[in-house]
Amino acid sequence: MNMPVSRSAPAKKPSKNREQLLAAARRLFGLRGYGEVGTEEIVREAGVTRGALYYQFADKQDLFRALFISMLHEIGHEVFEETMARVTHDTEDLMVGTQMLLDVYSRAEVKQIVLIDGPAVLGWNEWRDLQEPLHQAMLTHALQHLVDEGWLAPQPLEPVASLIAGALMQAGLAIANADDPAEARKIYGRGLETLVEGFTRRRND
C-alpha cells in the first residue's frame with residue numbers, strides 16, 4: 001500500500017530522539033490539541049533537548065506533519081489487516097473497510113490529531129492530498145474486486161475512489177465535530193452503508 005510522503009525538507013537520519021519526539025507530540029496533541037501545546041513542553045515530555053527537536057524537524061508544524069503521516073501509515077495498516085481478518089469474500093472489502101475506517105476516526109486521539117487539528121494546521125489542500133494515497137490504495141483495491149466479480153462495470157476506478165474518499169472525509173469531520181460523536185458515528189455509518197450498497201449490488205440484480 002503506497003502511503004503519503006511529506007512535502008517538507010527531508011528529515012535527518014531516523015533516531016531514538018525522533019521517535020521520542022513523535023511519541024511525545026502524539027500524547028500531548030492527542031490530549032489537548034496542537035494549539036495548546038508548545039515546543040518546550042514537547043521536548044520536556046520527550047526527554048530531549050530543544051536542539052534535538054530542531055535537528056529532526058524544521059519547526060512545530062513540521063513535527064505535526066511527520067506525526068500526521070506516521071498516523072496515516074498506522075491507520076492504513078490497521079484498516080487493511082482488520083478488513084482482511086473480517087471478510088469472507090473479496091466483494092466485502094469495500095463495505096467492511098469503510099466502516100472500519102469510521103471506527104478508527106471515532107477514536108479520541110485520531111479525531112483530535114487527524115480530523116480536528118489536521119485541516120487547521122496543514123491547510124485543507126495538504127490535509128486532503130496527504131490522505132489521498134491511503135484512500136486510493138484502500139478503495140481502488142476494494143473496487144477492483146467488485147469489477148473482477150462482475151458487480152461493477154469496468155471503468156477508471158480512481159475517480160470512483162475519490163468520490164468515496166470525499167464521503168469518508170466528510171463523515172470523519174462530522175463525527176469529530178459532533179456534540180455526540182457516538183450518535184454521529186451511527187448516523188454517518190448508516191449513510192455510508194447506503195452509499196456503498198450501490199457499489200456492492202450485482203449489476204443484474
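Residues 1-11 have pLDDT under 50 throughout. Even so, the model gives this stretch 27 contacts beyond four places in sequence. Where pLDDT is low, the predicted coordinates should not be read in detail. This is a predicted model, and its chain has a mean pLDDT of 90. Of its residues, 90% reach 70 or more.

**Two domains**

- The chain splits into domain 1, residues 14-57, and domain 2, residues 59-200.
- Taken over C-alpha atoms, the centres of domain 1 and domain 2 lie 27 Å apart.
- Contact between the domains involves 17 residues of domain 1 and 15 residues of domain 2.

**The buried area**

- The size of an interface is often given as the accessible area lost when the parts come together.
- Here domain 1 and domain 2 bury about 1,500 Å² between them.
- Carbon and sulfur atoms account for 68% of that area.
- Which three residues supply more than any other three of the area that domain 1 buries against domain 2? They are R26, Y34 and F57, with 51%.

**Polar links across the interface**

- Between domain 1 and domain 2, 7 residue pairs are in polar contact, with both residues at pLDDT 80 or more.
- The rule finds 2 salt bridges across this interface.
- Side chains of opposite charge can pair when their charged atoms come close.

**The side of domain 1 that touches domain 2**

- Three elements each give two or more residues to this side: α1 (16-32), α2 (39-46) and α3 (50-56).
- The largest share, 7 residues, comes from α1.
- By class, this side of domain 1 has 10 nonpolar, 5 polar and 2 charged residues.

**R26 and its partners**

- How many salt bridges does the rule count? The count comes to 11.
- R26 forms one of them with E74, side chain to side chain, at 2.7 Å from N to O.
- This pair links distant parts of the chain, 48 residues apart.
- R26 sits in helix α1, while E74 sits in helix α4, residues 60-86.
- The side chain of R26 also meets that of E109 in a salt bridge, at 3.0 Å from N to O.
- R26 is also among the three residues, with Y34 and F57, that supply 51% of the area domain 1 buries against domain 2.

Key
Residues numbered from 1 in each chain as written. Heavy atoms only, no water. Domains from an automatic or database assignment. Contact = heavy atoms within 4.5 Å. Buried area = accessible area lost by both parts, 1.4 Å probe. Salt bridge = Lys/Arg side-chain N within 4 Å of Asp/Glu carboxyl O. Polar contact = N/O pair within 3.5 Å; in protein donor to acceptor, adjacent residues only side chain to side chain. Helix = DSSP H or I, 4+ residues; strand = E, 2+ residues; numbered from the N terminus. Nonpolar A, V, L, I, M, F, W, Y, C, P; charged D, E, K, R; others polar. pLDDT = per-residue confidence, 0-100.
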